[in-house]
Amino acid sequence: MYAFDIERPSTVSDAVKLLKESDENQPLSGGQTLIPTLKQRLAAPEKLISLTGIDEMKGICEDDDGRLCIGAATCHADVAAGAGKYPALAALARQIGDPAVRNRGTLGGSLANNDPSACYPSAVLGSGATVVTNSREIAADDYFQGMFATALEEGEIITEVKFPVPEKACYMKFEQPASRFALVGVFVAKYADGVRVAVTGASEEGVFRWTEAEEKLNSDFSSSALEGMSPPADNMISDLHGSGAYRAHLVGVMARRAVDAAH
Amino acid sequence: MAQVSMTVNGKPASGDIEGRTLLVDFLRDGLGLTGTHVGCDTSQCGACVVHVDGKAIKACTVFAAECEGSSVTTIEGIAAEDGTMSKVQDAFQTHHGLQCGFCTPGMVMSAEALLQENPTPSEAEIREYLEGNICRCTGYHNIVKAILAASGQDVSKIAAE
């Protein structure tokens with residue numbers, strides 16, 4: 001690692017202030033991706049602003065609209081244990097990495113990084129959740145902007161995510177066993193006003209909504225409605241773990257399994 | 001350089017660190033607690049698992065500065081003061097839950113964390129909990145058996161003699 005300093009503010013406003021002191025300052029959440037990246041010298045911040053000491057960014061509650069509001073610095077293990085009101089979301093958190101990683105890694109960190117194979121982006125997009133930052137609220141449909149790209153501006157920190165709770169939902173993950181990231185993960189959520197299907201791990205563009213499947217499921221919420229369907233393989237990730245065509249096929253399979261298991 | 005203070009195995013510990021000093025380096029190089037191992041240094045293998053404020057974490061993937069004021073338990077803090085091994089340590093010995101021993105500190109720390117969360121885990125739950133702990137010697141059979149035994153459960157069912 002290159003040398004850098006660490007600051008550990010205890011409020012969001014102090015963290016924002018510290019971030020804005022220099023373009024070379026970078027926020028640090030659970031660090032489960034950023035620290036390995038720093039070790040490979042792929043990042044060289046002047047100062048890391050740790051968000052782990054900010055209590056107002058941790059915890060789970062419900063707002064007046066019945067949405068589940070999760071602090072961005074809440075670790076995966078706490079979401080797995082505390083998001084009982086939204087079982088598919090708790091189950092997703094329980095499948096990330098391994099227990100020690102889940103005790104450090106955070107919701108906000110995962111979303112800010114927007115790894116194309118990360119689990120959380122599919123839940124946020126699949127739920128039509130709202131990403132709250134220190135300065136505004138961003139709809140999930142506007143937040144994700146391609147592989148590792150988001151609507152966040154420099155010095156902007158995700159503080160909370162608000163999830164509308166669906167009638168039923170399920171996340172189906174085909175795990176890449178070495179990394180435990182999703183080779184393909186499909187999040188299906190059925191709301192009173194429609195079904196949302198979000199896919200992670202598959203596309204070169206990062207997480208995306210499979211709208212063709214959503215249309216079918218809107219008229220018939222059953223796996224048979226998706227029989228034989230898979231998205232086009234053109235833009236799918238192709239690597240040593242699987243070809244684009246294989247991933248496209250898996251999207252169909254995982255989506256059908258998710259619909260069958262949704263509760 | 002900055003100063004960091006934390007409680008390690010029940011005793012106050014402090015030292016000078018850089019921003020980039022990892023917790024595992026502070027424990028090993030700063031405090032001489034070399035029981036916590038660095039295997040992969042990429043948060044895959046789990047040889048560096050310690051408990052921070054009661055939670056199992058990978059000490060190679062957290063900065064020492066972030067543990068300011070925390071209570072840290074390492075493998076050195078698991079046995080009693082007089083050297084009496086914990087149930088988990090004892091079961092690892094009885095059931096031969098190790099070969100070369102390199103991964104053992106992390107295995108024991110993960111097992112201790114599991115049993116605190118779930119005092120009577122099933123074999124499947126144990127295997128799932130150890131997903132982030134890698135043993136390259138001899139497989140997981142006796143490790144799983146040891147943890148099952150430490151939880152007071154019958155191990156004959158999983159015995160592959």
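How many salt bridges does the structure hold over all chains? Over all chains this predicted model holds 20 salt bridges, and the views below show some of them together with the interface of the two chains and a sheet of chain A.

**View 1. The interface between chain A and chain B.** In this view, 29 residues of chain A are in contact with 23 residues of chain B, and the area buried between the two chains is about 2100 Å², of which carbon and sulfur atoms give 54%. Across this interface there are 11 residue pairs in polar contact, both residues of each pair being at pLDDT 80 or more. The elements that give two or more residues to the side of chain A that touches chain B are strand 1 (5–7), helix 2 (34–39), strand 3 (47–50) and helix 5 (99–102) of chain A. Of these, helix 2 of chain A gives the most, with 4 residues. Sorted by class, the side of chain A that touches chain B has 13 nonpolar, 8 polar and 8 charged residues.

**View 2. A salt bridge from Lys39(A) to Asp41(B).** Side chains of opposite charge can pair when their charged atoms come close. Across the interface of chain A and chain B there are 3 salt bridges, and the view is centred on Lys39(A), which forms a salt bridge with Asp41(B), the closest N and O atoms being 2.8 Å apart.

**View 3. An open sheet in chain A and the helix that lies across its strands.** The sheet has 3 strands in the order 1-3-2, with parallel pairing. Strand 1 and strand 2 (25–28) of chain A stand at the edges, each with a single partner strand, so one side of each is left without a neighbour in the sheet. From one strand to the next, the twist averages 30°. Strand 1 of chain A is joined to strand 3 of chain A by 3 bridges, and these two strands run parallel; Glu7(A) stands opposite Ile49(A), a residue in strand 3 of chain A. Helix 1 (residues 12–19) of chain A lies across strand 1, strand 2 and strand 3 of chain A, and runs at about 150° to strand 2 of chain A.

**View 4. A salt bridge within chain A, between Glu167(A) and Lys190(A).** The side chains of Glu167(A) and Lys190(A) meet here in a salt bridge, with a distance of 3.0 Å from N to O. Glu167(A) lies in the loop between strand 8 (158–163) and strand 9 (168–175) of chain A, whereas Lys190(A) lies in strand 10 (residues 182–191) of chain A, so the pair ties together parts that are 23 residues apart in sequence.

Conventions
Residues are numbered from 1 along each chain as its sequence is written. Chains are lettered from A and ligands numbered from 1 in the order in which they are written. This is a predicted model: local features need pLDDT of at least 70, side-chain atom pairs count only at pLDDT 80 or more; totals for chains, interfaces and linings use all residues. Side-chain values use heavy atoms; hydrogens and water are left out. Contact means heavy atoms within 4.5 Å. Buried area is the accessible area (1.4 Å probe) that two parts lose on being put together, summed over both. A salt bridge is a side-chain nitrogen of Lys or Arg within 4 Å of a carboxyl oxygen of Asp or Glu. A polar contact is a pair of N or O atoms within 3.5 Å; within protein, one must be able to donate a hydrogen and the other to accept it, and residues adjacent in sequence count only if both atoms are side-chain atoms. Ala, Val, Leu, Ile, Met, Phe, Trp, Tyr, Cys and Pro count as nonpolar, Asp, Glu, Lys and Arg as charged, and the others, Gly among them, as polar. Two strands pair if DSSP finds at least two bridges between them. Axes are lines fitted to C-alpha atoms, for helices over the stretch in contact, and angles run from 0 to 180 degrees between N-to-C directions.
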